[in-house]
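Colleague: Could you take me slowly through one part of this model, the aromatic rings and the sheet around them, and explain each step as you would to someone new to the subject?

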Amino acid sequence: ENVNLIPQAELDALPAGDTFHCIATEQAAPTEIPQEGRFLVVDNGNGAGDGAEARQFYWQDVAGEMHPVAKQSDCAICGCDFPVRIASEAVDLAPQGPKFTC
């Protein structure tokens with residue numbers, strides 16, 4: 001298991017931070033959001049064809065908010081060529097922001 005035990009005295013000495021957004025992701029997804037944000041993709045396809053129409057891209061800012069990317073956006077221009085694959089439940093659990101525009 002990925003658990004570290006910290007004595008209470010050390011916990012009490014840590015400075016208080018902002019609210020942490022816990023977002024359920026697939027096992028291979030990174031656990032930290034890069035400072036510049038990251039692109040994510042949910043594949044709702046049924047496995048037939050390339051599934052391009054069934055994919056929804058999101059840009060996630062460092063605060064954890066999900067911003068849907070317009071379906072007609074060109075990933076080569078927007079920078080969403082190599083998104084992190086996530087489960088649709090992760091989007092449902094995350095705070096939602098306005099649409100992402102390139």
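Modeller: A residue is called buried when its relative accessible area is under 20%, and exposed when that area is over 50%. With that in mind, and remembering that this is a predicted model, we can begin with the rings.

Both Phe-39 and Phe-100 are buried; for Phe-100 the relative accessibility is 17%, and this is why Phe-100 counts as buried. The model holds two aromatic pairs. In one of them, the ring centres of Phe-39 and Phe-100 lie 5.3 Å apart while their planes stand at 90°, so this pair is edge-to-face. The pair links distant parts of the chain, since Phe-39 belongs to strand β1 and Phe-100 to the segment after α3 (88–93), 61 residues apart. The rings of Trp-59 and Phe-100 also pair, with centres 5.6 Å apart and planes at 35°, so the arrangement here is tilted. Because Trp-59 sits in strand β2 and Phe-100 in the segment after α3, this pair ties together parts that are 41 residues apart in sequence. Through these ring pairs, Phe-39, Trp-59 and Phe-100 become linked into a cluster.

Now to the sheet. It is an open sheet of four strands, in the order β3-β2-β1-β4, and its pairing is mixed. At its edges stand β3 (66–68) and β4 (84–85), each with a single partner strand, so each has one side left without a neighbour in the sheet. Strand β1 (residues 38–43) and strand β2 (residues 55–60) run antiparallel and are joined by six bridges; in β2, Gln-56 is the bridge partner of Val-42. Gln-56 also lets us look outwards, for its C-alpha is 7.0 Å from that of Lys-71, although the two are 15 residues apart in sequence. Lys-71 is found in the loop between β3 and α2 (75–78), and with a relative accessible area of 54% Lys-71 is exposed.

Val-42 leads us inwards instead, as one of the nine residues of the largest nonpolar core, which also includes Leu-40, Tyr-58, Met-66 and Val-84. The elements that give two or more residues to this core are β1 and α3. Leaving aside residues up to four places away in sequence, Leu-40 touches several others, among them Gln-56, Phe-57, Tyr-58, Met-66 and Ile-86. Apart from this core lies another, of eight residues, including Phe-57, Cys-75, Cys-78 and Cys-80.

Methods:
Residues are numbered from 1 along each chain as its sequence is written. This is a predicted model: local features need pLDDT of at least 70, side-chain atom pairs count only at pLDDT 80 or more; totals for chains, interfaces and linings use all residues. Side-chain values use heavy atoms; hydrogens and water are left out. Two strands pair if DSSP finds at least two bridges between them. Rings of Phe, Tyr and Trp (its six-membered ring) pair if their centres lie within 6.5 Å; planes under 30 degrees apart count as stacked, over 60 as edge-to-face and the rest as tilted. Buried means under 20% relative accessible area, exposed over 50%, partly exposed in between (1.4 Å probe, protein chains only). A nonpolar core is a set of buried Ala, Val, Leu, Ile, Met, Phe, Trp, Tyr and Cys residues joined through side-chain atoms within 4.5 Å. Contact means heavy atoms within 4.5 Å.
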